[in-house]
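Trainee: I should like a close look at one part of this structure, the place where the metal ions are held. Please take me through it in one connected account.

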Amino acid sequence: MRPVIDLHSHSSASDGTDSPAQLVRAAAAAGVDVLAVTDHDTALGWADAQTEAERVGIEIVPGIEVSCTDDGRSVHLLGYHLDPEHPELVAELAKARTSRETRLERMVELMIEDGIPISWDEVTAQIGPGATPGRPHIADALVASGVVGHRDEAFARMLGTDSPYYVHHYAIPAVRGVEVVRAAGGVAVIAHPFAVSRGHRHEERLIEEMAAAGMAGIEVDHRDHDEADRRRLRELAAGLGLLVTGSSDYHGTGKHNRLAEHTTEPEVLEAIRGLVGG
Ligand code: AMP
Ligand code: ZN
Ligand code: FE
Ligand code: FE
């Protein structure tokens with residue numbers, strides 16, 4: 001039987017609601033054979049995920065969803081099998097995490113000024129020790145205090161990129177992000193590039209520039225892409241000689257994405273593994 005491969009998931013090391021061990025157990029229960037643990041800007045969850053994966057008999061692909069930027073907009077870059085101790089990568093991730101925290105504090109200040117019942121303490125209570133802070137943690141604080149019913153509602157009402165409370169955080173330019181992932185021996189795949197539900201559809205020229213910098217693939221099969229998006233992305237990938245991946249982008253109970261709702265072909269995973277360290 002062909003293995004079930006899901007190359008994008010989040011744990012409580014960033015903004016997922018499952019601990020790394022819970023995430024791995026949930027993946028095994030969902031029939032996943034190979035799971036990439038790709039928290040935002042951190043490798044914090046890898047060790048616990050690996051330990052649990054050995055226990056339940058599934059494979060982990062270590063990964064990081066690196067926050068990048070292009071023209072002031074957020075770009076997500078999946079890096080697989082990278083060296084989490086590579087100095088330049090470590091420095092960039094630390095910079096992004098610090099800026100994410102400052103930016104979250106600023107967003108909370110703006111919300112308080114506008115009379116929204118929330119405090120910074122309530123937000124930090126939602127962030128695991130050492131975890132990468134993100135807007136979902138503000139959403140969780142609002143859910144915990146009953147201001148909204150679900151993360152979705154918080155994003156729709158207060159946390160979207162078009163919200164008056166939205167504040168940017170530092171992120172590495174996307175082309176440079178590809179270079180750093182590669183310098184750290186990793187394989188770079190752009191995450192959900194046409195996900196308009198996130199406020200923006202990346203330009204094709206950005207994908208071309210990232211490919212020229214050595215990016216290996218495009219995440220095509222993702223719930224935020226419709227059929228036309230996927231068709232166009234497959235054409236782009238074919239034209240640029242890029243791999244095509246599919247994945248769930250599971251965040252536990254924080255998002256509706258189900259593990260293995262989209263998957264990656266085993267041949268593509270083999271190709272990714274063949275590029276590690278190259
Ligand atoms: P940030 O990293 O702070 O920019 O927040 C982005 C994260 O919020 C992404 O990882 C998304 O998965 C998550 N997110 C975006 N929109 C929603 C939503 N409507 N419901 C739940 N999570 C969301
Ligand atoms: Zn996330
Ligand atoms: Fe993402
Ligand atoms: Fe993600």
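**The metal sites**

Mentor: Along the chain, the donors of the iron ion (ligand 4) follow the spacing H-x1-H-x54-E-x183-D. In this predicted model, His 8 and Asp 249 join distant parts of the chain: His 8 sits in the loop between β1 and α1, Asp 249 in the loop between β8 (243-246) and α10 (266-275), and the two are 241 residues apart. His 8 and Asp 249 are both buried.

The donor atoms themselves are NE2 of His 8, NE2 of His 10, an OE atom of Glu 65 and an OD atom of Asp 249, and they lie 2.1 to 2.3 Å from the iron ion (ligand 4). The angles that these four donor atoms subtend run from 75 to 162 degrees, so the arrangement is irregular. For reference, the ideal angle for four tetrahedral donors is 109.5 degrees.

Among these donors, His 10 deserves a closer description. His 10 is located in the loop between β1 and α1, and its relative accessible area is 0%, so it counts as buried. Its side chain makes a polar contact of 3.1 Å with the side chain of Asp 249, which is itself a donor to the iron ion (ligand 4). Beyond its neighbours within four places in sequence, His 10 is in contact with residues including Glu 65, Asp 15, His 40 and His 251. Further contacts of His 10 include Gly 16, Leu 23, Thr 38, Asp 39 and Tyr 250.

Three of these contacts lead to the next metal, for Asp 15, His 40 and His 251 coordinate the zinc ion (ligand 2). Asp 15 is listed with two OD entries, while His 40 and His 251 each coordinate through NE2, at 2.1 to 2.7 Å. In sequence, the donor residues of the zinc ion (ligand 2) are spaced D-x24-H-x210-H. Asp 15 belongs to the loop between β1 (5-6) and α1 (20-29), and His 40 to strand β2 (residues 34-40), so this pair ties together parts that are 25 residues apart in sequence. Asp 15 has a relative accessibility of 6% and therefore counts as buried. His 40 is buried as well, with a relative accessible area of 7%.

As for the spacing of the metals, the iron ion (ligand 4) and the zinc ion (ligand 2) are separated by 4.5 Å. A separation of 5.6 Å lies between the zinc ion (ligand 2) and another metal, the iron ion (ligand 3).

Conventions: Residues numbered from 1 in each chain as written. Chains lettered and ligands numbered in written order. Predicted model: local features only at pLDDT ≥ 70, side-chain atom pairs only at ≥ 80, totals over all residues. Heavy atoms only, no water. Donors = N, O, S within 2.8 Å, 3.2 Å for Na, K, Ca; no water. Helix = DSSP H or I, 4+ residues; strand = E, 2+ residues; numbered from the N terminus. Buried < 20%, exposed > 50% of the residue type's maximum accessible area, 1.4 Å probe, protein only. Polar contact = N/O pair within 3.5 Å; in protein donor to acceptor, adjacent residues only side chain to side chain. Contact = heavy atoms within 4.5 Å. Tetrahedral: all angles 85-135°; square planar, octahedral: opposite > 155°, others 65-115°.
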